[in-house]
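Work through these exercises with the sequence and the structure side by side. Try each task before you read its solution.

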Amino acid sequence: MNKRHAIRALVRKDIRAITASVQLWLPMIIVPLLIGIIMPAALLWVASRTELRTIGNLKFMLDSLDALTRSGQIPQLASMPTDNHRIVYYLALYMFAPLFLIIPVMASSILTANSFAGEKERKTLEGLLFIPISMDTLFKGKVLAAFIPSVLLSWVTFIIYGIIANILMYPMFGQLMFPNLNWIILVLWVVPSCSLMVILFNVLISAKVRGFQEAYQLGGLVVIPLLALIAGQASGMLLIRPFMLLLIGAILLLVCFILLRLVTLWNSRQQLAESQI
């Protein structure tokens, strides 16, 4: 079988398995809808129309923005007339950026946990291993079947979020504010790198464990570093800049290279077949 045709066939097979299972595609729709569209839109709408100093829970964030303004880390904040302008600007262009990374991490974890672990549960892995294709082709097909949907889902969510952010921000600022350089680097550089790293990590896990749930739970450990990033951004202690995003993407690609080597070394037809027993 032609290598390219084999990869396409594997991708189509895995995507059909995803669309046929509500357990797989429903979380992939709900999570981006909540954290990428509904929650940011609601917070931006409230922040643009509420007297923020009267909300006790926001005092800490406003104090952080005061510190960022005085330090000049976000120069645009100094010229803004009200707290509402500053917090809407910060929320839309900085605060939600690391939160957005949960989308490719979640989607990649679900899709890849369904790869080898899902095949084992459905008792189809043995038949797949007897197909006359190389292990390299098999893994490429599995990786692409997770990478393409997760990145596309992230990009679609980004576009919808950007439209909503600009609609809510335009009456305040009189111009289109979204995206800035941070978001462009995040979506075009960090999101694909993060998706690939999570996919390779989960392929490694799902090839070793016996079921989808076990693979998905172990793969979810990748979210822990993201929570620290989100907390740092929310507190103003860690401001994500373009250079930092470029560095994060480069580090993720280095991790991808290491994981790819491990996947190549640790997985063979015999090992995968024995892992079903």
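**Exercise 1. Find which residues of the largest nonpolar core touch the most other members.**

Solution. This model is predicted. Start with the set itself: the largest nonpolar core has 70 residues. Next, look for the members with the most contacts inside it: they are Leu44, Tyr89 and Trp183. Then ask which helices contribute. H1, H2 (22–49), H4 (83–100), H5 (102–113), H8 (135–173), H9 (181–206) and H12 (242–266) each supply at least two residues. As background, nonpolar side chains tend to be buried together in soluble globular proteins.

**Exercise 2. List what Trp183 touches, leaving out residues up to four places away in sequence.**

Solution. Take the contacts in sequence order. One group is Ala92, Leu93, Tyr94, Phe96, Ala97 and Phe100. Further along the chain come Phe158, Tyr161 and Phe178.

**Exercise 3. Decide whether Asn180 is buried or exposed.**

Solution. First, place the residue: Asn180 sits in the loop between H8 and H9. Second, read its relative accessibility, which is 15%. Third, apply the cut-off: buried means under 20%. Asn180 therefore counts as buried. Last, check its contacts beyond four places in sequence: Asn180 touches Leu93 and Tyr94.

**Exercise 4. Work out how the buried residues of H1 are arranged around its axis.**

Solution. Begin with the helix. H1 covers residues 3–19, which makes 17 residues. From first C-alpha to last, H1 reaches 25 Å, close to the 24 Å expected. Now pick out its buried residues: Ala6, Ile7, Leu10, Val11, Asp14 and Ile18. Look down the axis of H1: these residues fall within an arc of 135 degrees, so they line one face of the helix. Finally, turn to the face directed away from the buried side. There, H1 carries the exposed residues Arg16 and Thr19.

**Exercise 5. Explain why Cys194 and Cys256 form no bond with each other.**

Solution. Recall that a disulfide is a covalent bond between the sulfur atoms of two cysteines. Take Cys194: its closest cysteine sulfur is in Cys256, 8.7 Å away. The cut-off for a disulfide is 2.5 Å. The distance is therefore too far for a bond. Both residues are buried: Cys194 has a relative accessible area of 5%, and Cys256 has 4%. Now widen the search: the whole structure holds zero disulfides.

**Exercise 6. Say which elements have the lowest and the highest mean pLDDT.**

Solution. Start with the whole protein: the average pLDDT is 78, and 71% of the residues score at least 70. Then go element by element. H13 (residues 269–275) has the lowest mean, 50. H8 has the highest, 89.

Conventions
Residues are numbered from 1 along each chain as its sequence is written. This is a predicted model: local features need pLDDT of at least 70, side-chain atom pairs count only at pLDDT 80 or more; totals for chains, interfaces and linings use all residues. Side-chain values use heavy atoms; hydrogens and water are left out. Helices (H or I, at least four residues) and strands (E, at least two) are DSSP runs, numbered from the N terminus. The expected span of a helix is 1.5 Å times one less than its number of residues. Buried means under 20% relative accessible area, exposed over 50%, partly exposed in between (1.4 Å probe, protein chains only). The arc is that of the directions from the helix axis to the C-beta atoms. A nonpolar core is a set of buried Ala, Val, Leu, Ile, Met, Phe, Trp, Tyr and Cys residues joined through side-chain atoms within 4.5 Å. Contact means heavy atoms within 4.5 Å. pLDDT is the predictor's confidence in each residue, from 0 to 100.
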